[in-house]
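The following paragraphs lead through a structure from its interface to its interior. The reader is invited to keep the sequence and the coordinates in view throughout.

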There are 2 protein chains.
Amino acid sequence: MPKVVDHQARRVQVADAVQELITEQGLDRVTVARTAAAVGFSVGNVQHYFPTKDEMLLFTHERVVQKILDRVSTLGERATRQQLPIRDVVVEGLAEWLPVDPRRRSAHRVTLAFLGRTVDNPRLARSHAETGRLIRSMLATAVRNGKECGEVPQDTDHGLAALELHCLTEGLALQLGSEPDATASRAALDLLTARVQNAFPGRCRQYE
Amino acid sequence: MPKVVDHQARRVQVADAVQELITEQGLDRVTVARTAAAVGFSVGNVQHYFPTKDEMLLFTHERVVQKILDRVSTLGERATRQQLPIRDVVVEGLAEWLPVDPRRRSAHRVTLAFLGRTVDNPRLARSHAETGRLIRSMLATAVRNGKECGEVPQDTDHGLAALELHCLTEGLALQLGSEPDATASRAALDLLTARVQNAFPGRCRQYE
DNA sequence: CCCATAACCATATGCTCATATGGTGAAAAC
DNA sequence: GTTTTCACCATATGAGCATATGGTTATGGG
């Protein structure tokens, strides 16, 4: 066997370039040639790691979403260790979806660009729906945990609360995406915090 | 002068075909040739009414948004005549943005497809931001009116309430767009109604 | 009756792009 | 040291498309 290369690493390298291209120029200015130039690969070499452009784009999309989900998980673990109120974790987790700094703005622009393609791409549509379900189920779990520990009133409908927080966050993200100033970011975070506080008004018994 | 034709009518005819194409196949399957075929025009004739494809698309977008806004206006006028509670008008107005029936689903798919292009098209981005501002300002006015007539508590922040209702609606629209079943529609409308009820809990004094 | 002109058409042109093709080089296995 | 095979490359190929071009038709004004 000849020279051996970490395929996954190369694919990630390409995907990162695609993410940057989408962030700065939008999805339909992404071409295989431009991507190759951005990573410093030849067109043929990009083809070597991604047989089709579609695969390249899908991979990039999955990766961007996964990076956000990973951060949310990390957040959750840290919170468990430090015994933070669930409410705070939920706020921070949802804030990962808001375009409030360059990193999150990039992720938002990419997901938004792909969101527009769900109209004609069933695979993207499915992926998007599934991510949504995942987020809502995580939120619902948070609410149920909140009930157990005393942060959430017993009569709260966890499905409904999850739906509301998720929708509010997505709406805020869209709004910030087109109105990207510091005041708007502040307002969005305030509103988000207020609504989460509303759903988690109590105090966790276990930490007293 | 030769045969005279209602230009605006032709442009609308083309735009309607574009809307249908986007709804069913997505924005990047729209070509001038396919559009022409859909209206029963020649390519050249479409060019006669829209010198460039971009103009054709922008016009279609504007038209779809305008149709929704017109419906909302009509709703407002009818409500004033019939002295309906503001809360009900707000719910119905916001529901115009939810993909809960074929007409609204079509509008939603079109706006979503264009939304994805705001990433690289500043003109679309501006248009989208402006529409958002308009919606929020209408909502803020509704809240202020609600205060005057007694439906809304005096200490409500109308800007914040408007932002919340707008974001919630956009989030719900996205969610329904990817989960288009009757149960989800019901849940979305229920949640929307509940949140509006929350902002407009009182009774209008003037109708007593 | 005539001609200017809007409406409309078929097809040409030229660009961009994804993907195909036919390579080279180098290193590991034997 | 030869062979195999992976990594990588330059360029060819051909499809799809927006737009340009050079028409024809028909109608209302003179």
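The contact draws 32 residues from chain A and 32 residues from chain B, where contact means heavy atoms within 4.5 Å. This is a predicted model, in which local features need pLDDT of at least 70 and side-chain atom pairs count only at pLDDT 80 or more, while totals for chains, interfaces and linings use all residues. Residues are numbered from 1 along each chain as its sequence is written, chains are lettered from A and ligands numbered from 1 in the order in which they are written, and side-chain values use heavy atoms, with hydrogens and water left out.

Chain A is superposed on chain B by a rotation of 180° with 0.0 Å of shift along its axis, at an RMSD of 0.0 Å; the fit is by least squares on the C-alpha atoms of residues with pLDDT of at least 70 in both copies. That is the relation of a two-fold axis. The copies meet through the same surface, because 100% of the interface residues of chain A are also interface residues in chain B.

Between them, chain A and chain B bury about 3000 Å², 62% of it on carbon and sulfur atoms. Buried area here is the accessible area (1.4 Å probe) that two parts lose on being put together, summed over both. Six residue pairs, both residues at pLDDT 80 or more, are in polar contact across the interface of chain A and chain B. A polar contact is a pair of N or O atoms within 3.5 Å; within protein, one must be able to donate a hydrogen and the other to accept it, and residues adjacent in sequence count only if both atoms are side-chain atoms.

Which elements of chain A give two or more residues to the side that touches chain B? They are helix H1 (7–25), helix H6 (102–117), helix H7 (122–149), helix H8 (158–178) and helix H9 (182–199) of chain A. Helices (H or I, at least four residues) and strands (E, at least two) are DSSP runs, numbered from the N terminus. H8(A) supplies the largest share of this side, 11 residues. By class, the side of chain A that touches chain B has 13 nonpolar, nine polar and 10 charged residues. In this classification Ala, Val, Leu, Ile, Met, Phe, Trp, Tyr, Cys and Pro count as nonpolar, Asp, Glu, Lys and Arg as charged, and the others, Gly among them, as polar.

The interface of chain A and chain B also carries eight salt bridges, and the structure holds 22 over all chains. A salt bridge is a side-chain nitrogen of Lys or Arg within 4 Å of a carboxyl oxygen of Asp or Glu. B:Glu179 forms a salt bridge with A:Arg133, with the closest N and O atoms 2.6 Å apart. B:Glu179 also forms one with A:Arg136, at 3.9 Å between the closest N and O atoms. This second pair crosses between chains, from the loop between helix H8 (158–178) and helix H9 (182–199) of chain B to helix H7 of chain A. Both B:Glu179 and A:Arg136 are buried, buried being under 20% relative accessible area, exposed over 50%, and partly exposed in between (1.4 Å probe, protein chains only).

A further salt bridge joins A:Arg195 to B:Glu164, the closest N and O atoms being 3.1 Å apart. It runs from helix H9 of chain A to helix H8 of chain B. A:Arg195 is buried, with a relative accessible area of 18%, and B:Glu164 is buried at 10%. In addition, A:Asp28, A:Arg117, B:Asp28 and B:Arg117 are linked in a network of salt bridges.

Within chain A, A:Arg63 forms a salt bridge with A:Asp16, the closest N and O atoms being 3.0 Å apart. The pair links distant parts of the chain, with A:Arg63 in helix H4 and A:Asp16 in helix H1, 47 residues apart. A:Arg63 counts as partly exposed at 23% relative accessibility, and A:Asp16 is partly exposed at 31%.

Helix H5 (residues 86–95) of chain A is largely enclosed by the rest of the structure, because eight of its 10 residues are buried. Those buried residues include A:Ile86, A:Arg87 and A:Leu94, and they pack against helix H4 (53–82), H6, H7, H8 and H9 of chain A.

A:Thr35, in helix H2 (residues 32–39) of chain A, counts as buried at 0% relative accessibility. Its contacts, not counting residues up to four places away in sequence, are with A:Val14, A:Ala17, A:Val18, A:Leu21, A:Val30 and A:Met56. In chain B, B:Gln19 lies in helix H1 (residues 7–25) and is buried at 11% relative accessibility. A polar contact of 2.9 Å joins the side chains of B:Gln19 and B:Ser106.
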